[in-house]
Amino acid sequence: MQITQLRNRLAGAVLLAAVTAVLPLPAGAHATTSVTSSAAGTRVDVDVRAGLATVGADAVGVNHAIWDSQLGTPAVADLLSDAGVRMLRYPGGSYADIYHWRDHTAPGGYVAPNTDFDTFMAGAQRTGAEPMIIANYGTGTAQEAADWVRYANITKGYGATYWTIGNENYGNGHYGSAWEADEHADKSPKEYAATVVAYANAMKAVDPSIKIGAVLTMPGNWPDAIVGAGDQGSWNQEVLTRAGSVIDFVDVHWYPGGNTPAETLTKPAQIQDAVHLLRQQIDRHAGGDPGRIGISMTETNVEIGRNTQPGALFLADVYSGLLAQGVFTVHWWNVHNGLGDVTTVAGHTDYDDYGLLSSGNCNADGSVCQPPLNTPFAPYHALDLVGDFARPGDRFVGSGSDNPLVSSHAVRRANGDVAVLLVNKDETAAHTVSLGYHGFTPAAGTPTVATFTNGADGIATAPAGTAASQTLAPYSITLLTLKPARTETAAPQAPGRPAATVTDRTATISWPALGGGVKYEVYRQNGGVSDLLGETTGTSLTAGNLEPGRRYTINVLARDGAGRLSPASPPLTFTTGTPANAACTVRFRDVNNWGNGYVGQVDITNNGPAINGWTLAFTWPTAWQSVNSGWNATWNQSERTVRVTSDGSLAPGASTSAGFVGSYSGPNVPPAVFTLNGAVCTSG
C-alpha cells in the first residue's frame, strides 16, 4: 500500500493502544439522506452453465494484529465465527516485519497484552479458522521462521499450513517510498527472492506439508511494472523468476483508492483484469508448473466510508469478485484499528477506522467517541452476508447486470440451490431488478431474502419479491437463495479441464472423455448469458469466427440421452492471436513505467507494398487507460480508440516508431490488436 495509507492505519493502531477506557457514543441524531423513487428497471442474468471458481475452505478471512488487545477474546472469536470467517492472518501487516514470535516483541511498535501466538491460535480455533502466518522477513531470519514452524506444527500440533514471507516488502525503499522494515543491505527484489528460497527451504525442512507464499504487488498498483535500479525486471517478475520454484502461493494487497464513495465503488470492475494479469505473470515467469501457485488477497479496504455503507458495499463486491476469479482467500484489513478523522458519509458517522469492529475509543480531547467496544461496523454485516453467500464447496457461476450501479454475483450450491448477491451502489435511488436464469429454473413461491441497508444495525431477513423480480433499497446488499424447480438425479458429471489451441480466428478446444454416450456442449461466457459455440459427441470442437486478440472464457458441459445437463467444467481462458503473415507487424512496448503512467512505443514494420501515409489504430482494453501525448506521429484518442497518423512513407520491409506517454488508474492491460490503414497486423 502507499505510505500515506500505512500512516493512517498505524495512527489508528497507536490511538487504540493508548485507550484505557471505553466511552459511550455521544447522543445525537444521524444526518439523513433523501431517497428518490425506484429508478428505471435493471436486468440481471444468472447462468449456471458458466462455471467459475469453487469456494475453498479458507475463502473468507480477516486480519488480526498484535497491538489489538481484543485479539483472541471469546467475544471477538464468536463474532468472526458468526460471520463465516475461516482464515485469520497474524501478527498484523507491517508489524510482521518487526515481530519476533519467540519473545513476543516488536521493537519500535506496541504489543498489547495477551496477543501472543498461542492466544491467537486459541482464538482462531474457537472461530473455526485456519491461520495465515507472516514470517518476519524485515528483521528476522530463516532460522527464526523455521523455529516458528517447529513450535506451531511439531511442538503444539496446530497444523498451520499457510506461511507468507514478509509483508509489502516492495515498500522497503527500493522504489523510493519506505514504510516496511528491512534490515537487508540489499533491498532489491533479487535479494527478497533469494531470501524467500532460503526461508522456504528451512521451513519445509521442518514440515514439508506447509505452503509458502511470496509477496507480490497487485497489477495496476504501485510499484507494478516499475523496474528499479540494477534490476532486470519488475518486482513481480524478479520474484517469480527467482523464487517461483519454491513457493506455493503469491500474496497481494489491494487498496484501490477513490476520491469519492461513488468512484471507489467503481473499482471492483478492475478485478477480472487484475487477476488475469497476475495469473499471466505467474504463468510466464514462475517456471515449472505455475498452475499449482495460488493467489491470496490478504489486505483490502477503502479510503472513504470505511465504517459506513460504502465500505460495506465495496467489501461485498470485492470478496465475491476475487473469489469468483479463483483467489483462494480474501482478508479485510482489519478486525480493530481505532479512531481516525470523523466525518459524515452517506448520512452516517464514519470514524475513519479500518476495523470491522469498534475499538470503543475517543479522540484526544474526548469530544468524539466510537460506539461501545466490539460494536459491528457496516462492513462487518457485509462480511456476514458474504460468509452466508459464498460457502465452502459452492461454485461461482456467471452473472451480469446491465446497470453499472447494480452489481451481481451468483453461486450454485452442491444441493442444486442458487444464491444471488445483489449490490445497489446508488446512494439515493432504489432499483427494481428483473432476474433471468439460464441452465436453472427456480422454484415457484416467494424467496427468503437477506438485506443489509444503509444505516441498519444488522441484516434483515424476510420473504420478499419473487425469483424473477427484486427491489433493491438504495445503498444496499441483498442475498436471495433459490431452490430449483426440480432436482435432477443421475446427471452426468462435469467434464474435466479443457485445453485449447488457438489461431487469430479459431480455437480448437479439447477435453477428457466422460464415456456413457453423452453429448458435449461448449459455451462462451458472456456476463450472465453464455453463448453456445457448438456441440459434439466427440472430445474436441473447433470454434470459428472469433475475433483476433480477444480474451475468451469457455466451459464444457455434458448432456445425457435423457436431456440432463452436467455441471460446468473448470473454466478455460485463452486469447486469440493475430494473423501470422500480415502485411504489417506492430510491437507495443512499455519503455519506462512509474506506477500509474509510462513512456510507451509502437514499432511498425511494413511487410507489404510501399505505403504513402499511414494510420495505426488500436483500442485500449479498459476505460482507465489513455494517451496523454505522443511524438513522431499525430496521436488522437476518442473514447477508448487511439489513432496514430503520419504522412510519411514506408517502403517494403521498412520500419518506423512512434512514442507516447500513457496513463492508467487500474490494471494496465496492453492492447492486443493493431490495424495499419485498416488491415490487422501481426503483433510482435
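Reader: In which loop is Asn 545 found?
Author: Happy to help! This is a predicted model, where local features need pLDDT of at least 70, side-chain atom pairs count only at pLDDT 80 or more, and totals for chains, interfaces and linings use all residues. Residues are numbered from 1 along each chain as its sequence is written, and side-chain values use heavy atoms, leaving out hydrogens and water. With helices (H or I, at least four residues) and strands (E, at least two) taken as DSSP runs numbered from the N terminus, Asn 545 sits in the loop between strand 24 (540-543) and strand 25 (551-559).

Reader: Which is Asn 545, buried or exposed?
Author: Buried means under 20% relative accessible area, exposed over 50%, and partly exposed in between (1.4 Å probe, protein chains only). Asn 545 has 81% relative accessibility, so this residue counts as exposed.

Reader: What is the phi of Asp 352?
Author: Asp 352 lies in the loop between strand 11 (348-350) and helix 10 (378-389). Most residues other than glycine have a negative phi. Asp 352 is not a glycine, yet its phi is positive, at about 55°.

Reader: Which residue has a side chain joined to that of His 409 by a polar contact?
Author: His 409 belongs to strand 13 (residues 406-412) and is buried because its relative accessibility is 12%. A polar contact is a pair of N or O atoms within 3.5 Å; within protein, one must be able to donate a hydrogen and the other to accept it, and residues adjacent in sequence count only if both atoms are side-chain atoms. At 2.7 Å, the side chain of His 409 makes such a contact with that of Asp 317.
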